[in-house]
Amino acid sequence: MALAQTTGPAPLAVPGEERSGALSRWVSRHAPILILGVLLIILPAVANSFILDQIVGWAMILGMIALSLMFLAGYGGMVSLAQMTVAGVAGYMIAVLGTSSLPAISLFWPWWVAAPLAIAIAVAFGTFAGALSARTEGIYTIMITLALAAAFFYLTLQNWPIFNGFNGFTTIPPPQFLGINWKDPIPLYYMILFFAALSYVAVLYVSRAPFGLALQGVRDNPRRMEAIGYNVTAHRIAAYAFAALIAAIGGVLLVWQNNQISPFSVGIDVVINILIIAIVGGISHPIGPFIGAIIYVILRTFALDGLVAVGLDGRRFQTIIGLGFLIIVLFSPDGVIGLWRRWTAHLREAGGGNAR
Amino acid sequence: MTTAFGDDGRIDGARRGDALARWIGHHPVAALVIAVIVILALWLILAPWPAGFENVFGKKRLFVNALFNGITLGGLYFLVASGFTLIFGLMRYVNLAHGSLYLFGGYMGYEAGQWTGSWLFSYVVAFICCAIVGVAMQVLIFRRMEGEDLRQTLVTLGLSIVFSDLMVWVWGGNAIQIDTPDYLAGPVPTPIVVAVRSSGETVFLQYPLVRLAILAAAIVIGVGMWLAFNRTRIGMMIRAGVDDRDMLSVLGYRVQLLFVIVFAFGAGLAGMAGIVGGTFQSISLGEDSNFLLASLVVVIVGGMGSIPGAALGALIIGLSEQIGAVYFQNYATVLAFLIMVIVLAIRPQGLLGKR
């Protein structure tokens, strides 16, 4: 709708002006992303390892997992709460198949076997979750995926032979290859940045590819798509598989970065936090989850001190998160992206008014 | 209109007995399997187990206890899940704050019990408190976003986060146990043989009276709901609303008022269940999401929006958890979810759900 309105007056303008207008519009639309990319690449030159690792790196990983949710929810209309669980499956599998401090369980396979296999298992799980919930619609999907996430949490908590129960796994180092120790903050940061950027571009690309367009058609009117001859269920399951791939890579990175995984890495609150991140950022564009993730990580890291500084009880962190989430859901259904769009539209309108 | 309805009802009633015979005639194998299972179950429960059987499956006392615990836990799950499914069935609200209502009811009931010393009175307090919160949620939030499923779900999710943190603030993180009143305390003998001593003396199962009383109450509430649904005017309005909300409102019924009443009732039931849960086990931080998940699984298995489905699902999930805890310790909770997955794969609308 918004697009149709902005391009509406275009036929009145001469073709040359229209083209330059389109170019400037393209630049203005993509400038923030380009600037952000450059900033992220040069960040290690100025930031310390705490900011690299614990703030930006963590936010990018959470952003990837939330991105997989955004892909399903934004383009497929399926709000899956099992995405953190898919990441958790990948994380657990890398600990079981690869290296950890538990020789009784871990198989100590080299990373180039363990990591792809862990991701493949997680993708299989994510596809299975999709196959279960794709036959139902809308709010049913939330309920089923939430129940699946809870099932995996309880499984890891109660099962000792494979998941080591309550304790989980520790000391799961990132691999060393190409002569680089990827455990060091700066290589780890670039690895995370690479995969986050890759998944961002991949989601953007898929959303404009025939598959993504068909998926959006399925979201908007499954019955009509079915009538045209598209296999609705197959498209949905394929979307789950693609989203699971992103979440699984995020899960492996999360374990390498945290150096541990336990049932509480895949608990109900974490699962819900991923949803909050995606919704607060906005699920209409792939950048949304990353915005949501950086807000979440900053709040998580500094809110306690901030609350105490203004004389409130620092333990009420969850209330702040919940209230912030409520305000976003009630007043800006499109998250921070929606606020940004409204603000830029307002500026453009004001600018147009001055020119006239 | 009404006479036609009444006539239909009477004919249905007269034919119901034949329907069973006809069903058996159409499905002889299934009927035989069900009959064998029923007989086997009755034998397992009523007869003393032979020694060889006990060697393989463990003591009969364990099995019968797990069975009774499962059925009574099913009663508790039914109380929580029936409110959830009622609200969902009529209004299509997925109330993810339902677990918070359960926990809130438990805490309010505990406070009321501390003040007045009456266990029964605390149910009234919990029901009213949760019903008030439910009405507030319906009027202030849901009514403002009618038809926006996802937003409603997300709002209830946000509310549940805030509620749970506020409840931790007020009542702390420690578990609270609600005392069983004196007249329901202690075990009672049941006519079920668990073992035969070498002296020939038979040992009967002793079971906590309060659990049996609560199970009976859950059954009474369930039957009462069924009667209210099928025999009263407001029940007819609710059933009509479940089938076609728009048509009901076009016909001039005050759908919004109906919504408020049903939401209040469902929330109140969750609050009363909180006291039951506090007496059975304990109420503490985290129980809200546990019971939200239990109601989710129960209504997914039983069929969303169906009260008999909630009863069946609650029984299945309660039994699977308790039997699982005795026989497959590593996978007890997972068993319930496994049942959910199987039901979803075979019958996505749930066992008694309608498409």
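How many of the 16 residues of helix 12 of chain B are buried? The legends below, which describe a predicted model, begin with that helix.

**View 1. Helix 12 of chain B and the glycine that follows it.** Helix 12 of chain B is mostly covered, since 15 of its 16 residues are buried. Its length can be checked by a simple rule: at 1.5 Å a residue, the 16 residues should span 22 Å, and because the end C-alpha atoms of helix 12 of chain B are 22 Å apart, the expected and the computed values agree. After helix 12 of chain B comes Gly303(B), and the phi of Gly303(B) is positive, near 115°.

**View 2. The side of chain B that touches chain A.** Where the two chains meet, 31 residues of chain B are in contact with 32 residues of chain A. Helix 7 (149-171), helix 12 (287-302) and helix 14 (332-346) of chain B each supply at least two residues of this side of chain B, and the largest share, 14 residues, comes from helix 7 of chain B. Sorted by class, the side of chain B that touches chain A has 23 nonpolar, five polar and three charged residues.

**View 3. The largest nonpolar core.** In soluble globular proteins, nonpolar side chains tend to be buried together. The largest nonpolar core of this model has 201 residues, and those with the most contacts inside it are Ala147(A), Ala248(A) and Val297(B). Helix 3 (residues 49-76) of chain A gives the largest share of this core, 17 residues. For one of the residues named, Ala248(A), the contacts beyond its neighbours within four places in sequence are Val86(A), Ala87(A), Ala90(A), Ile119(A), Ala122(A) and Val123(A).

**View 4. Tyr189(A) in helix 7 of chain A.** Tyr189(A) is found in helix 7 of chain A, which covers residues 185-208. Is Tyr189(A) buried or exposed? Tyr189(A) has 22 C-beta neighbours inside 10 Å, and because a residue is buried if 20 or more lie within that distance, Tyr189(A) counts as buried. Leaving aside its neighbours within four places in sequence, Tyr189(A) is in contact with Pro44(A), Leu52(A), Asp53(A) and Gly57(A). By contrast with these contacts, a residue may also be chosen as a distance marker: Tyr189(A) and Arg342(A) are 33 Å apart in space, C-alpha to C-alpha, and 153 residues apart in sequence.

**View 5. Asn259(A), a residue with positive phi.** Most residues other than glycine have a negative phi. Asn259(A), although it is not a glycine, has a positive phi of about 70°. Asn259(A) lies in the loop between helix 10 (232-258) and strand 4 (260-261) of chain A. With 15 other C-beta atoms within 10 Å, Asn259(A) is partly exposed.

**View 6. Chain A as the setting for these close-ups.** The secondary structure of chain A comes to 14 helices and four strands, and 43% of its 356 residues count as buried. A compact globule with 356 residues would have a radius of gyration near 21 Å, and chain A has 22 Å, which agrees. Taken along the principal axes, the C-alpha atoms of chain A fill a box of roughly 75 × 55 × 45 Å.

**View 7. The two domains of chain B.** The domain assignment of chain B gives domain 1 (16-46) and domain 2 (59-346). The centres of domain 1 of chain B and domain 2 of chain B, taken over C-alpha atoms, are separated by 30 Å.

Terms used. Residues numbered from 1 in each chain as written. Chains lettered and ligands numbered in written order. Predicted model: local features only at pLDDT ≥ 70, side-chain atom pairs only at ≥ 80, totals over all residues. Buried ≥ 20, exposed ≤ 12 C-beta atoms within 10 Å, placed from the backbone. Contact = placed C-beta atoms within 7 Å. Nonpolar A, V, L, I, M, F, W, Y, C, P; charged D, E, K, R; others polar. Expected span 1.5 Å × (residues − 1). Domains from an automatic or database assignment. Core = buried A, V, L, I, M, F, W, Y, C linked by C-beta atoms within 7 Å. Rg over C-alpha atoms; globule rule 2.2 N^0.38 Å.
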